[in-house]
Amino acid sequence: MPLNEVKPWGRSLAEYRAMFALSEHDLRKRILDCGAGPAAFNAELSELGCSVVSCDPIYEYSAEAIDARIRETAPAIIEHVNADRDRYVWTVFNSPEQLVEARLAAMQRFLADLPEGFEQGRYRSLALPSLPFKDGEFELALCSHLLFTYSEQLSLDFHLAAIRELARVAHEVRIFPLLEYSGDPSPHLHPLIEKLTAEGDAIHQQRVRYEFQRGGDQLLIVSAPARR
Ligand SMILES: C[S@@+](CC[C@H](N)C(=O)[O-])C[C@H]1O[C@@H](n2cnc3c(N)ncnc32)[C@H](O)[C@@H]1O
């Protein structure tokens, strides 16, 4: 994936905990974070002695190259948030300024951890919908702001293949949010639930205590023992 096609933007462990309703018990599971980008989740959780592998095609690039891309693209993201301020709920963050400060701090945490974490195999340059992991290798797979968020660019078939694969390598899959980048509901959600349910997967939606995109407080949980 060419780095100039990506707008890196990463969240903190605190945001991940809220988005995915992660309990202390969940944090002790073997976790896969897919489409993890420059999130600080891996850095912060590893420091607590937990087990997490992050996958993203951007990990083929160095921390310096990703840092340069963050600096290049952050102004456009900030402009988008400012222009569409009313589509966001300003409780997780009080203001666009606070949002930017928190996200840049999370990404700096990631960048500082990437070289060592890559050597340790905690960051893997991999892309959905195909992962090299064994069936059920992880207890929990997380996917934040990739599936559904990029519904315009990623087809329903891509979403289906990606979720089947995540459900093969992990006992439980949690995906957040269920909205597109624009803030509209993803057109893939209902066809996808119908299709996966027909294939025997157990799927449910859960409201979480995190809403930044207005209406984006729903988590999708998938478990599919038959795929492992
Ligand atoms: C908006 S970022 C989300 C980062 C992080 N999950 C978070 O919420 O802070 C989306 C990420 O998905 C990654 N991505 C794009 N296509 C992917 C694919 N096919 N498989 C895995 N990751 C992909 C991008 O490189 C980007 O880093």
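Biologist: By class, which residues make up the shell around the ligand?

Modeller: This is a predicted model, where local features need pLDDT of at least 70 and side-chain atom pairs count only at pLDDT 80 or more, while totals for chains, interfaces and linings use all residues. Residues are numbered from 1 along each chain as its sequence is written, and side-chain values use heavy atoms, leaving out hydrogens and water. Ala, Val, Leu, Ile, Met, Phe, Trp, Tyr, Cys and Pro count as nonpolar, Asp, Glu, Lys and Arg as charged, and the others, Gly among them, as polar. Sorted that way, the shell holds 13 nonpolar, five polar and two charged residues.

Biologist: How many residues surround the ligand in total?

Modeller: A residue is near the ligand if one of its heavy atoms lies within 4 Å of it. The closest are Arg 11, Gly 35, Asp 56, Leu 128 and Ser 144. Altogether, the number surrounding the ligand is 20.

Biologist: Which residue has a polar side-chain atom 2.7 Å from an oxygen atom of the ligand?

Modeller: Let's look at polar contacts, which are pairs of N or O atoms within 3.5 Å. Gly 35 places a backbone N or O atom 2.8 Å from a ligand nitrogen, and Leu 128 also has a backbone N or O atom 2.8 Å from a ligand nitrogen. The side chain you asked about belongs to Asp 56.

Biologist: And how much of the ligand's exposed area does the protein bury?

Modeller: Accessible areas come from the Shrake-Rupley method with a 1.4 Å probe. Taken alone, the ligand exposes 600 Å². Of that area, the protein buries 92%.

Definitions and conventions
Polar contact = N/O pair within 3.5 Å; in protein donor to acceptor, adjacent residues only side chain to side chain.
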